[in-house]
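Welcome! Let's walk through this structure together, one question at a time.

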Amino acid sequence: MRVLIYHRDGEAWRDVLRARLPEASVEIAGESGNPQADFLVAWKPPASLFEEQTRLKGIVNLGAGVDALLQNPALPRETPIVKLRDAGMGELIADYVRYGVFHFQRDFDRYRRQQAACEWREFDVVDKDDWGVGVLGLGAIGTRVAEALAADGFPVHGWSRSPKQLETITCHDGDDGLDALLGQVRTLVTLLPDTPATRQIVNRDTLAKLAPGASLINPGRGTLIDEAALLEALGDGEREGEDEGRLRGALLDAFPTEPLAADSPLWTHPRILVTPHMAGPTPLGAAADQVADALAAMARGEPVKTIDPDAGY
Ligand code: GLV
């Protein structure tokens, strides 16, 4: 089988896949002139690649979210697409979210602001039992994150499009389920795929249903958040305690346009922590095993778990 790679770390991917698939020809997509490949392994490939590669039998998306791929105007939509499922990202993102939940639950956000004013004031700790966390999106990564938070001792509510059952999570679905979740959580975590149904799911209405003083963590997609509504809910960030805005703070890793523009108000807002889409880098080893297995199965004509382009994940 002929495999073509399109990735920022193309050489590393080529080497790990060659080691796992010694029979295959594995090459990096060049400027032009690659022979027709059977499979493309790629992260955000340009449209020109699909215009050149017209005989693809399968595509492996080197990430969990397929939004960028599905928005590619030249994507052959009938070609099976396999995406990474957890592949080591789940643990990294769970660590990121746990950091964020503790940041708010143990008042690190307040202490950071107090330090800037040389102020020594201790806040009472809110019990973990009273700190509900809501995880929107119970795919492989969302489930991993929700279970990690439950293991930490937080009551965790999860929300997904279709009903799910998880032992340690209170699962909700549908519009009513979303409302029920919002009313019970102090931190909301967004791990949904970017689809027409999820865009700006965190908007003025949803934010108004959160308890005052709730916080937001978005390691998912920037498009899930209505930025104007977020800024409005945060207020000017100048006051502490009772007078805080409706939303206490936000930890944001994903933005509709990346890198985040230098003049974005998110950078300088006193209640927003910005990280550069680093919550879940794809670990090469775990992901390479998954990619190699998928390629080998597709080459043998065996069924593989593919995404549904209409659902968007
Ligand atoms: C990263 O954002 C991914 O979708 O894997």
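Q: How many residues does the largest nonpolar core have?
A: This is a predicted model, where local features need pLDDT of at least 70 and side-chain atom pairs count only at pLDDT 80 or more, while totals for chains, interfaces and linings use all residues. Residues are numbered from 1 along each chain as its sequence is written, and side-chain values use heavy atoms, with hydrogens and water left out. A nonpolar core is a set of buried Ala, Val, Leu, Ile, Met, Phe, Trp, Tyr and Cys residues joined through side-chain atoms within 4.5 Å, and buried means under 20% relative accessible area, exposed over 50% and partly exposed in between (1.4 Å probe, protein chains only). Trp13, Leu17, Val41, Val97, Leu149, Val291 and Leu295 have the most contacts inside the largest such core, which has 50 residues.

Q: Which element gives the most to this core?
A: Helices (H or I, at least four residues) and strands (E, at least two) are DSSP runs, numbered from the N terminus. Elements giving two or more residues to the core include strand E1 (2-6), helix H1 (10-20), helix H4 (89-105) and helix H10 (284-299). The one that gives the most, with eight residues, is H10.

Q: Where does this core lie with respect to domain 1 and domain 2?
A: The bounds, which come from an automatic or database domain assignment, are 2-86 + 282-299 for domain 1 and 89-274 for domain 2. Both domains give residues to this core, so it lies between them.

Q: How many residues of domain 2 are in contact with domain 1?
A: The C-alpha centres of domain 1 and domain 2 lie 33 Å apart. Contact means heavy atoms within 4.5 Å. On that basis, eleven residues of domain 1 meet domain 2, and the number of domain 2 residues in contact with them is ten.

Q: Which residues of helix H10 (284-299) are in contact with Val41?
A: Neighbours within four places in sequence are left aside here. The contacts of Val41 then include Val3, Leu4, Ile5, Tyr6, Leu17, Val60 and Leu62. Helix H10 spans 284-299, and the contacts of Val41 in that range are Val291 and Leu295.

Q: Is Gly90 buried or exposed?
A: Gly90 sits in helix H4 and touches Ile141, Arg144 and Val145, not counting residues up to four places away in sequence. Pro281 is 191 residues from Gly90 in sequence, yet 9.8 Å from it in space, C-alpha to C-alpha. Because its relative accessibility is 0%, Gly90 counts as buried.

Q: How many residues does the other core have?
A: Apart from the core described above lies another one. Among its residues are Trp159, Val185, Ile201 and Leu252, and its size is 27 residues.

Q: Which residue is the bridge partner of Ala250 in E12?
A: Strand E11 (residues 247-252) is mostly covered, with six of its six residues buried. Two strands pair if DSSP finds at least two bridges between them; five bridges join strand E10 (residues 214-218) to E11, running parallel, and Asn218 stands opposite Leu252. Three bridges also join E11 to strand E12 (residues 272-274), again running parallel. In E12, the partner of Ala250 is Ile272.

Q: What radius of gyration does the chain have?
A: The radius of gyration is taken over C-alpha atoms, and the globule rule is 2.2 Å times the number of residues to the power 0.38. With 313 residues, a compact globule would be near 20 Å, and this agrees with the chain's value of 21 Å.
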